[in-house]
Amino acid sequence: MINSIISWSVDRRYVVLMLLAGLIALGAFSYSRLPVDAFPDTTPVQVQINTVVPALSPIEVEQQLTFPVEQAISGIPGLSEVRSISKYGLSQVTAIFGDDVDLYFARQLILERMQMIELPDGAPQPEIGPAATGLGEVFHYLVRGDGRSLEELTTIQNWVIRPRLRSVPGVAEVNTWGGETKQYHVLVDLDSLMGYELTLGDVHERLRENNVATGGGNIVQAGELEIVSGQGLMKNVPDIESTFLRTYEGVSVNVRDVADVTVGHEIRRGAATANGAGEAVLGLGFMLKGENSAEVTTRLKDKVAEIQSTLPEGVEIVPVYDRTELVDQVIATVKTNLIEGALLVIAVLFLFLGNLRAGLIVAAAIPLSLCFAFTGMWQYGIVGSLMSLGAIDFGFIVDSTLVMIENNVRRIEEGAPSLSRLELVKRASIQVARPTIFAQTINMIVYLPLLALEGIEGKLFAPMSITILFALSGSVILICTAMPALAALFLKTPKKAHRDRIVNFLKRLYKPAISLTLRKPALFCALPVLVFAGIFALASNTGAEFIPRLSETGIVINTVRLSGASIEEGIRYGTQIEMTLLEEFPAEIENVWTRTGTAEVATDPMGIELSDVFITLTDRTEWTRAKTQDELTSQMREELSGMPGMRMIFTQPIEMRVNEMIAGIRSDLGIKIFGDDLDTLREKAAEVQTILQSIDGASDVFAEQITGQPVLEISLDRDALSRRGVTVREAMDVVSSIGTWKAGEIREDQRRFDLCVRLAPKHRTTASDVANIPVQAVSGERLRLADLATIREVEGPSTITREWQKRRIVVQCNVTGRDIGGFVREVRERIQDELELPAEGGYHVEYGGQFEHLERASLRLMIVVPLALALIFILLRISTGSLVASLIIFLGPAFATLGGLAALFVRGLDFTIAAGVGFVIVSGVSVLNGLVMLATIREIEESGTTGNAAIIEGALSRLRPIVMAALVSILGFLPMALSEGVGAEVQRPLASVVIGGIIFDNFLTLLLLPPMYKKFVVCP
């Protein structure tokens, strides 16, 4: 069948040219529609369920809100994990599903279960978070305005900017961080209120009753229908003040008689500062899952420019974080590496083939194969990113094409009087078609193990594997169709002098070396033992980590203050950090802004004692204090180390968000301690923290602050309430009014603002004021709140985190200066030996963070890679017909492994999953080299030449294709190995392993395989 396809392609070469034109058009169209992002989205399928009650303490949030939600969603099909966070005023439950569950189906299941949730009276209905992922936070902007208050800017953001940005296609949510959300406050003076024999409940109820709009149907007059509309809504402060409460001694008592009505703001759970200039209003744009981040961000920027012209004078929108900048830099790195690799490959082709036309035909396989890859990626929804496109090696793509065209050039050069040029092309193409397709099949097999990876590692490397499989499949199709047709159309008799000079020079170097190995085969056959010893030695001294930290051209500093720190303290600290950084790093920092606490939509639930300092960096060519981002981060850490009362963790925007959404952990390693008692958890976390700090390589070590939140606890005395005739509800109304007790809303045209009842400041400024709040007994006696309750200041939990409805605390740390694999092993040993947990209460320790993915991926590769190698060995056995010969060829992966480990060692790189992928790739290439050489030696033996002469002739005849294949593969990866561009960190270990593996394999194959063949096959 292959022979027929090749013959058809040569005979109908112009038809093949037309099909190639169609392929190019389809590839270009697919490329134009291809989603583009910096990195693959590794976020699992998850749904966040948020419930906001600004007045509740963490313990009440856990009991009243979190627990019912967790109970309601348990047992949902496909649910793999449930995590929750209970903070002051906020409950967030995160439901994580298996990767095979559709996100929108999961959201529908959650919505159905939410209908079953029964929450306490007055609690708002839980809401699900936006349908975004860890890569969804694509756009940050500041809303500024000279002379405008935070309240005005927040109103403009929420009611002018935000609705219009939400209309942008592909946007999941536009969030607001910081500012002051406008409210109308009825500040009740309890002394005046009791003077008119009213209660807070009366005020609350009257406000609700006097803020109503209704419809009255319609009436018909003279054949005309008129709709009846009743308008009783309050519109402004005077309307609220004039609200009737009751008649007292014949006089109407209105709200103005017992309270001051003012415009205030919602109790704040978050704040934002920027560039050392104090508070600002921060907007965040989230992208829907599966959208093209570059396109969505561009649309947001265009919409911002459109909105800007409609804003009040002096108000401006200032973008500070734009995902397209990172995407553009990463894609630029990928393009540069691919273009440089392609040019180097083409240069080698021209140099060795010595034929411009032949070189162009082989080079044409690169864009044509990419057309297949782009079309497949578009059809299967694979995002063009650093991982999917960045690891393509054009050397592998053109290997088989190179063999076919080189054979065509040689056959046309030798000529045959009885055959036409077209017939020569057919025969030359058919002669090598089967082995080249076999070679590409092996190349594809080595990528199959990557498809078996799961979780994050699967999402990282499966797109790369699928993309390369598309490209290699396209290469196989081209070998059978386009390459013979192009050879028939364009190849002429070549000039061979130039290419022969290069090959003859290499042969003069190689022939004495191979003759030496054949004279003493036993000595050289012992060298593989040294190879395996070298593998063991290098492997034992090579560190391990999941993936290298990818440079995002941005830095995030997670700052942690003592529990109970106020919003104002967070604002002060954030501004101080910004000013320090701008003063010390003016050439490196473009913008710096700080997010404290939680946004309006709690996509990132933080306590007010937590802040994230975001830093966007200028182009590296402008830096004066550092050359790399790691060096810059170290200097920033040193500059900020003297700030008291605060711990800092350095990370990056996407890295932080993805780590948190995947495991609820923001750092490399998280040690999770489970149990019931919060005090015990805190004590054990402190012990673990001490252990970590004593281990070399630990940095940014800290334990979650789950306690330490000051609480003014008001415990009602039911006996006292009963004696004085005061209900629990009346007493709780007083407590609710210390905060903001919502009584309705005020509409200003299309804008809506909460109307709240609140105690006058004189009743709630200090704990003593709260104790003295007057409460009226049923007898008319005036009491103090302290007469009806025990009021005390205690220390309560600041955050309660749970996993599968079990409380936990996490001790986190980053790892610097050593590999994370060895670090975790030491941590486990130390904790097992030194940490003693209570026997009762279900206390136990689990480990989370990036190392989990490294372990899982390593275990999976240890299973599937041997299976793939076994399949390759079976193919070798079929091809060679000899078990011994197959075993000799199979030493190639060992040679390549030694080279890859040596490359990692020389370059000071740790073993990563990317490096593991490199070992998988190079193992297939190494098998092909041995197969080509042994097949040629056997062919010469069958022609009558035997012994050393056959081995030397076979080795010399295959020197050129082996060297050419090695060079094109090495040079294809060389730009990746040397690149310093954004995102190159993940490509560097992969490319280094492939280059080192190919060099060692070719050297050892050329020198060791001939004597081993002589020793074990020729003379068994």
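**Long-range contacts, salt bridges and surface features of the predicted model**

Leaving aside neighbours within four places in sequence, G918 is in contact with L990, V993 and V994. In this predicted model, G918 belongs to helix α34, which spans residues 913-942, and G918 counts as buried because its relative accessibility is 0%, the cut-off for burial being under 20%. Of the three contacting residues, V993 lies 75 residues from G918 in sequence, yet the two are 5.5 Å apart in space, C-alpha to C-alpha. A second pairing of residues separated along the chain involves D37 and G384, which are 347 residues apart and whose C-alpha atoms are separated by 6.3 Å. D37 is found in the loop between α2 (13-33) and β1 (45-52); with a relative accessibility of 7%, D37 likewise counts as buried.

These pairs may be set against the values for the whole chain. Among contacts between residues at least 6 apart in sequence, 79% join residues at least 24 apart. The secondary structure comprises 37 helices and 30 strands, and the C-alpha atoms fill a box of roughly 130 × 85 × 55 Å when taken along the principal axes. The protein has 1020 residues, of which 57% count as buried, while the area that the protein exposes is about 41,500 Å², with carbon and sulfur atoms supplying 55% of it.

Salt bridges were examined next. The structure holds 35 salt bridges, one of which is formed by R802 and E62, with the closest N and O atoms 2.8 Å apart. This pair links distant parts of the chain, since R802 is placed in strand β28 and E62 in helix α3 (residues 58-73), at a separation of 740 residues. Both partners are buried: R802 has a relative accessible area of 7%, and E62 has a relative accessible area of 1%. A further salt bridge is the one in which the side chains of R162 and E173 meet, at 3.7 Å from N to O. Here too the pair is described as linking distant parts of the chain, although the residues are 11 apart, with R162 in helix α5 (residues 150-166) and E173 in strand β6 (residues 171-177). R162 counts as buried at 6% relative accessibility, and E173 is buried with a relative accessible area of 11%.

The salt bridge between the side chains of R747 and E745, at 3.8 Å from N to O, has a setting of another kind. R747 is partly exposed, with a relative accessible area of 35%, and E745 is also partly exposed, with a relative accessible area of 23%. Beyond individual pairs, salt bridges that share partners join E62, E70, R802 and R807 into one network, so that the bridge between R802 and E62 takes its place within a wider set of charged side chains.

Backbone geometry was considered at two loop positions. N275 has a positive phi of about 50° although it is not a glycine, and N275 is found in the loop between β13 (270-274) and β14 (281-287). A positive phi of about 50° is likewise found at W804, which is not a glycine either; the place of W804 is in the loop between β28 (799-803) and β29 (806-815). Both residues are partly exposed, N275 having a relative accessible area of 22% and W804 a relative accessible area of 46%.

With regard to helix packing, the axes of helix α17 (residues 455-480) and helix α18 (residues 482-490) come within 3 Å and cross at roughly 45°. This crossing angle makes α17 oblique to α18. The contact is made by I477, L478, I479 and C480 on the side of α17, and by A482, M483 and P484 on the side of α18.

At the surface, L859, M862, I863 and L867 make a nonpolar patch of about 450 Å². Among these residues, L867 lies in helix α31, which covers residues 850-880, and L867 is exposed because its relative accessible area is 57%, the cut-off for exposure being over 50%.

Technical notes
Residues numbered from 1 in each chain as written. Predicted model: local features only at pLDDT ≥ 70, side-chain atom pairs only at ≥ 80, totals over all residues. Heavy atoms only, no water. Patch = residues over 30% accessible without salt bridge, like charges linked within 9 Å, V, L, I, M, F, W, Y side chains within 5 Å. Areas by Shrake-Rupley, 256 points an atom, 1.4 Å probe, with all protein chains shown as cover. Salt bridge = Lys/Arg side-chain N within 4 Å of Asp/Glu carboxyl O. Helix = DSSP H or I, 4+ residues; strand = E, 2+ residues; numbered from the N terminus. Buried < 20%, exposed > 50% of the residue type's maximum accessible area, 1.4 Å probe, protein only. Axes fitted to C-alpha atoms, helices over the stretch in contact; angles between N-to-C directions. Parallel < 35°, antiparallel > 145°, perpendicular 65-115°, else oblique. Contact = heavy atoms within 4.5 Å.
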